[in-house]
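Work through the exercises below with the sequence and the 3D view side by side. Try each task before you read its solution.

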Amino acid sequence: MRTLSLFCVLVFLVPIIGHGQDKKADIGGRIRDAISKEPLIGVIVSAYLDDPAQVLAYVTSDVEGKFHMRIPHGLKVRIKFSLLGYATQTISLEHSAIASVIFLEKEVISLQEIKIKLPKITHSKDTIRYQVDQFAGGMDRSIGDVLKKLPGIEVSDNGQIIYNGVAINRFYIEGKNLLDNQYGLAVENINFADVSQVEVLENHQPVKVLEDTYASDRAAINIKLKDKSKMKWIGNLSAGLGFSPLLGDLSTHTLNVSADWQSINTLKANNSGTNITKEVKQFSVEDLIDSKGKFPTWADPLQMQFTPPNLRESRYYFNESVLANSKSIWDLIKDLTAKATIEFTRDELENKMRASRTYLATDSTFHFLEHSTHRSIPTSFRLSFNLNNNIEKQFLDNTLSVSLQKEGMDVGIGGTTTNEQEGNIRRYQISNDLDFIKQFAGQKWKVRSSSLLDLYSLKGSVLYPAISGISQKAKRNSIYQDASVGTILPLKGWSFENKLGVKLNFQDMDSDLEGVIGMIDATQGHYINELSLNLRDLYYEGILALKKEGSNMRIQFPLRYSSVAMRQKNGMARHHEAFLLAEPSISYSRDLTTGLILHLRASMDNEVVSDPIQYLDEPILRNYRFFTSGSDSIARNRRLSSSLGLSYRDPISAIFGHVNMRYAHNTNGLLTSNRFEGPIVVREFILNRNRGSMFNISGRIGKGFFESNTSVSLQVQYSSNSSTFEQNGQMLQQSLRSINFNPHITTAPFSWSSLDYSGKLSYRHFATTDGWQVDPSLSWINSLTLTCIPSSKIRLYTSYEYLYNEIDHDTQVQQQFLDFGARFKWRNNLELDLKGSNILNVRSFGHTQFTEASINSVYYSMRPANYLCSVYYNF
Amino acid sequence: MKSLFFSVLLLFGVYTLRIHAQELGTANYRCTYKLSYSNDPNQVAKKTEDFMILEMGPISSAFYSYHTFRVDSAIKSDLAHGVPAMEMLASHSKYGRKGVDYQIFKDKRLAKTITVDKLAIQNFKYEEPLHAMKWEILNENSNLLGYEVRKAVCSFSGRDYEAWYAPAIAFDNGPWKFGGLPGLILKINDSKNEFSFELTGFQSLNPVKTLEIPEKKITEINKLEFLKRQDRLNRKPYEYLRTQMGIQIKPLDDAAKANFDKVRPYNPMELN
């Protein structure tokens with residue numbers, strides 16, 4: 001390190017004083033490096049009296065190190081020589097002016113460096129880029145922590161990423177679709193320090209061959225890693241121990257992103273209240289090609305699952321969880337990739353709750369009090385293999401998937417009806433999904449095939465101490481096949497698609513309910529269902545689409561001939577019906593001005609009810625006090641819906657906003673009819689048209705303030721729902737109206753502190769047409785987190801949560817939760833964490849739900865105060 | 001139509017981006033500036049932003065747009081990897097938005113400011129005296145990014161400017177062609193606030209960086225002639241392409257023809 005000392009030698013004096021008419025004196029000289037004696041160019045020579053700010057004159061030295069300037073004559077002037085990298089030198093000129101050779105000595109630069117920052121957000125065409133380092137701070141660790149702070153991006157409670165009000169359709173790492181829709185694995189685990197940029201690819205059409213045909217209103221996210229984090233294994237390892245009770249948390253995560261290969265691997269286990277299976281949740285987005293779900297879904301015959309409260313999950317999640325997941329993608333040959341996933345999850349969950357549920361009828365109510373303990377052990381194993389070729393002229397995508405699921409459930413109920421329930425479910429699924437699109441002879445040719453084999457079986461039993469018990473076995477086997485061919489013809493900016501297809505769905509469902517079931521008007525014996533339900537659809541679909549700069553339109557007119565055959569094997573009765581169904585829809589979007597887009601959509605959906613459980617002749621056990629039996633006729637549901645939306649974004653100013661209004665009118669073919677037999681509810685599905693409607697308007701506006709590292713947003717949502725039920729033979733129409741306000745502020749005005757506030761204010765009004773009206777119910781959740789960084793090695797946070805819930809007219813619940821945490825940076829990549837959750841030890845949380853013409857006030861057990869100390873190593 | 005115009009430019013630009021360089025000196029400091037400017041004199045409130053880099057050493061400096069540098073580098077890399085020009089054109093959006101085209105080099109040995117700029121696909125170079133603006137230092141102090149700064153004003157090329165310089169950063173340099181103050185210019189804007197540069201970053205370079213003037217197919221020109229051509233290109237781009245470069249783009253319909261003939265608004269930084 002060079003010395004900071006100033007060294008000045010006056011080698012010679014050359015008076016070059018000139019007395020001009022303006023009475024100024026000329027001074028000049030040469031400036032050289034003290035060591036090399038080389039002339040110094042660009043030295044700033046400034047003259048002043050006493051205050052350096054009052055510059056009388058200044059020049060810079062030329063290529064030979066010479067300088068020359070004129071200063072007022074006769075003043076006691078000081079001359080300052082300064083050049084970045086050299087020690088500044090000041091000399092006084094007394095009465096006579098001087099000229100000299102000035103030697104400046106090099107000096108270690110002590111200037112305050114201003115870290116070069118790229119703009120926080122940059123925007124070009126359909127791509128918005130966020131500089132991750134500039135948004136990260138506080139206790140952030142994963143890229144998901146930072147994503148929540150990015151203006152325009154929301155991460156919902158279940159982990160789904162939403163960009164300006166619409167769920168994303170892809171999550172890429174360095175442009176590769178490694179994760180499909182299981183992006184929680186990346187969001188929760190990749191350290192933000194490995195990521196340089198988050199890119200939002202607006203209006204992203206993932207199928208390249210369709211880019212010029214069909215517009216997309218969804219965005220994709222692409223994360224770009226820092227160069228130092230590519231072409232090698234990166235990841236993290238953490239281990240923690242705590243109490244109460246004895247808590248453990250183990251986690252390893254690795255990621256390798258290379259030019260032609262990517263792999264992400266996660267292994268985790270904990271009993272500390274973290275839902276790790278959420279990381280492998282598959283976020284469903286509409287089918288990229290046909291805008292609808294590919295495979296049918298059916299209701300779970302057993303309904304013993306725990307209904308979660310509207311609260312941060314870690315507060316009530318009593319768990320022992322294991323997750324192992326490995327995903328890899330390879331470039332096989334040019335533009336052809338292979339992808340494989342292997343996944344295992346196992347949870348042991350336990351929840352306790354007490355509930356007071358009142359079913360409303362026109363002239364009476366049915367009241368149930370119960371306290372229950374729910375235990376369940378869901379286990380899942382899944383394998384999948386995918387081949388993908390996605391280029392401008394061709395798209396090939398084939399996914400073969402096998403999954404095995406098992407869940408054991410055990411529910412103990414006390415209260416109105418004391419009982420013990422057990423349930424065991426097994427499910428095996430094999431599916432293959434093929435999409436092929438080829439541009440050929442001026443047209444695009446499409447072939448698709450989706451196949452599914454679904455085998456489901458259950459065993460359930462209920463033991464009523466005073467009555468005896470009942471048991472049930474059931475199984476449902478289903479084969480599904482959807483195959484279609486089509487062409488897309490370009491028509492001067494428009495395109496016209498014709499598609500022909502066939503859809504087959506063959507289902508068998510058997511159930512055997514055995515025991516003393518006197519309470520449902522039946523004697524001891526077997527109640528056996530043997531149902532066969534076969535659907536055959538022949539369909540044609542025409543799609544007229546316009547895609548041009550600034551406006552997009554899509555008009556679909558599917559026409560479907562649906563033939564349904566149903567047979568109750570025991571009764572040998574066979575029922576067959578056929579339907580001709582139209583499902584037209586139109587969607588339109590237009591750029592009104594820069595960043596402001598109008599969206600319109602209207603559609604009519606027709607659906608044949610294909611869930612066999614709704615056609616079972618004999619009762620089937622759903623849970624201890626809930627039995628259903630079905631209709632003997634085929635039903636269909638119809639929905640008319642329309643929506644109007646406006647979205648606005650100005651990424652450079654960090655302003656994002658949207659408002660959406662949606663109205664839907666439903667006509668359901670089956671009416672839900674509840675019959676109350678003592679403590680038992682027998683639900684029948686009756687072929688009877690019933691109508692309901694839904695109106696929803698929601699909006700969100702957010703703004704980022706870069707100077708103060710602040711972002712604010714407000715989300716407002718109003719919804720109104722109405723639906724019809726039959727309770728004990730009496731028709732009842734219920735309506736639920738609610739309005740929600742969600743303000744959110746996050747600010748880090750100083751480098752040493754940040755503050756995060758979020759609120760949820762909910763106001764609900766529930767009523768029935770026949771006079772039942774519940775007092776408006778208010779609930780309020782306020783969360784405030786303060787983070788403090790006293791030194792570069794220590795980070796502290798404390799989080800306070802206040803909840804207010806109106807359970808009913810006379811009961812209000814106020815609860816407060818307090819959490820704290822400390823993080824000590826031991827070494828560069830080794831950190832020690834101490835976390836305390838619910839340190840006020842609040843043990844229950846109460847709120848009210850309004851569902852199915854009933855008022856359900858529930859108190860949930862909370863996890864006790866717990867403390868966890870863990871070590872986190874990032875590599 | 002606008003995209004067609006720029007696609008044509010990109011296609012030609014791809015072929016001309018074969019850079020050789022002329023060494024100028026070394027830079028041991030890098031400054032970044034946010035450039036904010038109004039393209040349209042009728043809509044001065046509508047600002048375009050760019051991210052500018054000033055790399056400076058004792059005898060020379062280079063000033064250029066980071067966005068333009070990034071896009072040109074990506075294109076150059078694709079060229080080096082043999083990506084066909086038509087494929088690059090088809091996927092030109094992947095390169096992102098370019099910034100301003102000009103690059104400004106200052107050479108103290110020659111006491112010259114050298115501007116390299118692009119009109120359509122042609123590269124031009126012109127020289128002018130170094131730091132030709134006459135500054136008046138005012139008795140006003142302030143603080144920017146932790147540095148004490150002083151105010152100075154000048155008139156240059158038809159606009160009046162107000163600058164804030166930091167005596168503690170002893171370099172008589174600044175963004176664009178500005179310089180000649182006894183300290184680095186951290187912030188400068190014209191009196192109408194149509195153009196402004198504001199320092200956003202400052203760091204030393206270790207190792208030092210060699211500064212080079214790219215020697216593309218470059219045409220030397222005098223400043224006045226260049227500004228005239230630039231004005232014509234920006235106001236009537238299709239006419240410029242046809243008359244100056246012999247590139248004929250035929251409009252497909254009347255609407256396109258009207259667009260061709262339309263005089264576009266243009267707000268040059270240098271008015272004379």
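Two strands pair if DSSP finds at least two bridges between them. Keep that cut-off in mind for the first exercises. The model is predicted. Its scores are ipTM 0.78 and pTM 0.72.

**Exercise 1. A small sheet in chain A**

Task: Find the strand order of the open sheet that holds S10, S11 and S12 of chain A, and state the sense of pairing.

Solution:
1. Look at S10(A) and strand S11, residues 161–163 of chain A: three bridges join them in the antiparallel sense.
2. Check the cut-off: pairing needs at least two bridges, and S10(A) and S11(A) have three.
3. Pick out one facing couple: A:Glu154 lies opposite A:Ile162 of S11(A).
4. Read off the whole sheet: its three strands run in the order S10-S11-S12, with antiparallel pairing.
5. Now the edges: S10 (153–155) and S12 (166–167) of chain A each have a single partner strand, so one side of each lacks a neighbour in the sheet.

**Exercise 2. A hairpin in chain A**

Task: Work out how many residues lie between S32(A) and S33(A).

Solution:
1. Locate the strands: S32 covers residues 620–623 of chain A, and S33 covers residues 626–629.
2. Confirm the pairing: S32(A) and S33(A) share three bridges and are antiparallel.
3. Find a facing couple: A:Ile620 sits opposite A:Thr628 in S33(A).
4. Conclude: two residues separate S32(A) from S33(A), and the two strands form a hairpin.

**Exercise 3. Two helices in chain B**

Task: Describe the packing of H4(B) against H5(B).

Solution:
1. Choose the terms: two packed helices are described by the angle between their axes and the distance between the axes.
2. Take the values: H4 (residues 223–235) and H5 (residues 237–245) of chain B pack at about 125°, and their axes are 5 Å apart.
3. Name the arrangement: at this angle H4(B) is oblique to H5(B).
4. List the contact residues: H4(B) brings B:Arg229, B:Arg232, B:Leu233, B:Asn234 and B:Arg235, while H5(B) brings B:Pro237, B:Tyr240, B:Thr243 and B:Gln244.
5. Sort them by class: three are nonpolar, three polar and three charged.

**Exercise 4. Chain B as a whole**

Task: Summarise the make-up of chain B and the confidence in its residues.

Solution:
1. Count elements: chain B has six helices and 12 strands.
2. Check burial: 53% of its 272 residues are buried.
3. Check contacts: of those in chain B with a separation of 6 or more, 61% join residues 24 or more positions apart.
4. Check confidence: pLDDT averages 82 in chain B, and 87% of the residues score at least 70.
5. Flag the weak stretch: residues 1–19 of chain B have pLDDT below 50, with 39 contacts in the model beyond near neighbours in sequence.

Definitions and conventions: Residues numbered from 1 in each chain as written. Chains lettered and ligands numbered in written order. Predicted model: local features only at pLDDT ≥ 70, side-chain atom pairs only at ≥ 80, totals over all residues. Heavy atoms only, no water. Helix = DSSP H or I, 4+ residues; strand = E, 2+ residues; numbered from the N terminus. pLDDT = per-residue confidence, 0-100. Contact = heavy atoms within 4.5 Å. Axes fitted to C-alpha atoms, helices over the stretch in contact; angles between N-to-C directions. Parallel < 35°, antiparallel > 145°, perpendicular 65-115°, else oblique. Nonpolar A, V, L, I, M, F, W, Y, C, P; charged D, E, K, R; others polar. Buried < 20%, exposed > 50% of the residue type's maximum accessible area, 1.4 Å probe, protein only.
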